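Hi everyone, thanks for making time this morning. I'd like to walk you through one structure, and please have it open in front of you while I talk.

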Amino acid sequence: MKKLLLLASLIISFSGFSQKVKDSVLSRKMDKYRELSVSVPQSYEKNSKKTYPLILLLDGDYLFDAFQGALSYGNYWDDLPEAIIVGLHQNKEGERFDDCTIDETTGLPEGKGASFFEFIGGELLPYIQSKYRIGSFKMIAGHDLTAGYINLFLYKDAPLFNAYACLSPELALEMETRIPSRLAAQQNNIFYYLSSADGDIKKMKEDVTLLNDNLKLVQNPALNYKYDEIKDASHYSLVLHSVPNVLYQFFATYKPISSSEFQEKIVKMESGYVDYLKNKYDLLEKTIGIKMPIRVNDFRAIEAAIMKNKAYAEFEGLAQLANKSYPKAMLGEYYMGRYYEISEDYKRATKAYQNAFTLEPIGELTKEAMLTKADELRTQIKK
């Protein structure tokens with residue numbers, strides 16, 4: 001019974017993250033309105049200057065809920081960032097077939113497929129960016145027919161999207177070689193996810209396998225590539241396996257320091273703990289355009305590594321970084337107090353803890369704790 005109540009409370013909590021609303025955009029290229037489902041984060045109205053990554057879903061009729069659910073769950077545990085999700089409806093009257101029309105002799109969009117291509121870049125994206133606060137990171141995803149179609153945006157000299165999620169794509173002419181060639185030529189960070197299943201449609205799986213073989217040969221440090229061959233799944237059920245894998249691949253830099261990262265990377269370093277923390281958040285901003293204060297728990301992880309390896313001099317740098325992230329909080333003064341205390345400069349340590357008392361509590365640090373530290377060190381000064 002307790003587990004059922006917990007599950008119910010989590011579902012209610014996730015529903016509070018964002019709500020799905022209907023929207024539409026007039027396409028002059030296609031001479032009709034196109035229906036959209038849109039989800040904005042719960043924090044959207046609280047901070048009018050904050051921007052968010054965009055997740056644009058073709059086949060949004062059925063992909064939307066899968067992506068929204070996985071993203072809400074990951075964000076609940078602070079493993080995934082908030083994002084704006086836009087799902088394009090394509091299955092009400094079978095629009096996806098016209099939308100994805102490709103010339104069999106050239107492998108390029110033609111007819112209604114060419115109009116749809118211009119609609120995405122020339123009408124839909126500008127509409128989304130004018131109405132919603134979209135950041136620099138833009139992802140597009142599709143399934144089978146639409147998954148193959150989104151690869152066409154890679155053919156542009158300046159691709160419209162930073163990340164492509166191709167769930168069991170139906171590949172057009174020569175995509176098995178064209179896609180690797182285009183990804184190899186990219187100079188900016190680009191993300192590519194590809195999936196198939198052991199129970200997938202035979203011809204599609206064969207083409208995807210060849211594409212994966214070619215992509216494994218691409219040597220481009222700007223490319224972040226992953227292939228999933230889902231076991232015990234069909235062409236349709238692979239979606240539910242692929243969606244969380246996509247999100248955790250594309251937003252990997254967002255995750256806080258994990259216990260494995262701490263044990264396998266950080267603690268084994270001889271020095272440079274503060275630089276590691278700074279670089280982690282710089283990479284987050286560089287790759288997915290998210291600038292955020294360093295998590296308090298990540299500060300505490302670096303503090304633990306400093307203490308474990310007796311690299312006490314790094315507390316000064318950690319204090320400077322803390323003051324930059326939390327200028328009104330006591331974290332920076334606390335780390336200066338730690339530094340002076342370990343250096344047996346008890347007078348300065350006492351002063352630092354007193355200064356911390358005048359600032360805002362943060363995490364597990366309280367005013368009472370800072371006063372207690374200062375009082376304890378006063379006895380050391382008298383000695």
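**A patch, a helix and two cores**

Let's begin on the surface, where Tyr73, Tyr76 and Trp77 form a nonpolar patch with about 330 Å² of accessible area together. Before I go further, please keep in mind that this is a predicted model. Where does Trp77 sit? Look in the loop between helix H2, residues 60-76, and strand E4, residues 84-88. Trp77 counts as partly exposed because its relative accessibility is 47%. A little further on, Asp78 follows H2 and has a positive phi, near 65°.

Now to H2 itself. This helix has 17 residues, and from its first C-alpha to its last it reaches 23 Å, close to the 24 Å expected at 1.5 Å a residue. Which residues of H2 are buried? Going along the helix, they are Gly60, Leu63, Phe64, Ala66, Phe67, Gln68, Ala70, Leu71, Ser72, Gly74 and Asn75.

One of those, Phe67, takes us inside. The largest nonpolar core has 72 residues, and Phe67 is among those with the most contacts inside it, along with Ile55, Met139 and Phe299. Apart from that core lies another, of 48 residues, which includes Met30, Tyr132, Tyr149 and Tyr192. As a general reminder, nonpolar side chains tend to be buried together in soluble globular proteins.

If you'd like to pick one residue in the largest core to click on, try Met139. Setting aside neighbours within four places in sequence, Met139 is in contact with Leu54, Ile55, Leu56, Phe67, Phe161, Ala163, Ala165, Val246 and Phe250. So Ile55 and Phe67 turn up here, and both were also on the list of best-connected core residues.

Let me zoom out for a moment. The chain comes to 15 helices and eight strands, and its C-alpha trace spans about 90 × 45 × 40 Å along the principal axes. Of the 383 residues in the chain, 49% are buried. The accessible surface is about 19200 Å², with 52% of it belonging to carbon and sulfur atoms. Among contacts between residues at least 6 apart in sequence, 72% join residues at least 24 apart.

On to charges. How many salt bridges does a search of the whole structure find? The count is 22, and I'll show you a few of them.

The first on my list brings us back to H2: the side chains of Asp65 and Lys20 meet in a salt bridge, at 3.1 Å from N to O. Asp65 lies in helix H2 and Lys20 in strand E1, residues 20-27, so this pair ties together parts that are 45 residues apart in sequence. Asp65 is partly exposed, at 44% relative accessibility, and Lys20 is partly exposed too, at 38%.

Next, please find helix H11, residues 296-308, which holds both Arg300 and Glu303. Their side chains meet in a salt bridge, 2.7 Å from N to O. The two are three residues apart, about one turn of the helix. Why does that spacing suit a pair? An α-helix has 3.6 residues a turn, so residues three or four places apart point the same way. Is each partner buried or partly exposed? Arg300 counts as partly exposed because its relative accessibility is 25%, whereas Glu303 is buried, with a relative accessible area of 6%.

Asp298 forms a salt bridge with Arg295, the closest N and O atoms being 3.8 Å apart. Here both Asp298 and Arg295 are buried. There is also a network of salt bridges, which links Asp59, Arg96 and Asp144.

My last stop is helix H14, residues 346-357, where Thr350 is placed. Thr350 counts as buried because its relative accessibility is 4%. Not counting residues up to four places away in sequence, Thr350 touches Ala374, Leu377, Arg378 and Ile381. Gln354 is in H14 too, and Gln354 is partly exposed, with a relative accessible area of 29%. With the same neighbours left out, Gln354 touches Ala374 and Arg378, and both of those are also touched by Thr350. The C-alpha atoms of Gln354 and Glu333 are separated by 8.7 Å, and the two are 21 residues apart along the chain.

That's my tour, and I'm happy to take questions.

Terms used:
Residues are numbered from 1 along each chain as its sequence is written. This is a predicted model: local features need pLDDT of at least 70, side-chain atom pairs count only at pLDDT 80 or more; totals for chains, interfaces and linings use all residues. Side-chain values use heavy atoms; hydrogens and water are left out. Patches are made of residues with over 30% relative accessible area and no salt bridge: like charges are joined within 9 Å, nonpolar side chains (Val, Leu, Ile, Met, Phe, Trp, Tyr) within 5 Å. Accessible areas come from the Shrake-Rupley method with a 1.4 Å probe; for residues, only the protein chains shown count as cover. A salt bridge is a side-chain nitrogen of Lys or Arg within 4 Å of a carboxyl oxygen of Asp or Glu. Helices (H or I, at least four residues) and strands (E, at least two) are DSSP runs, numbered from the N terminus. Buried means under 20% relative accessible area, exposed over 50%, partly exposed in between (1.4 Å probe, protein chains only). The expected span of a helix is 1.5 Å times one less than its number of residues. A nonpolar core is a set of buried Ala, Val, Leu, Ile, Met, Phe, Trp, Tyr and Cys residues joined through side-chain atoms within 4.5 Å. Contact means heavy atoms within 4.5 Å.
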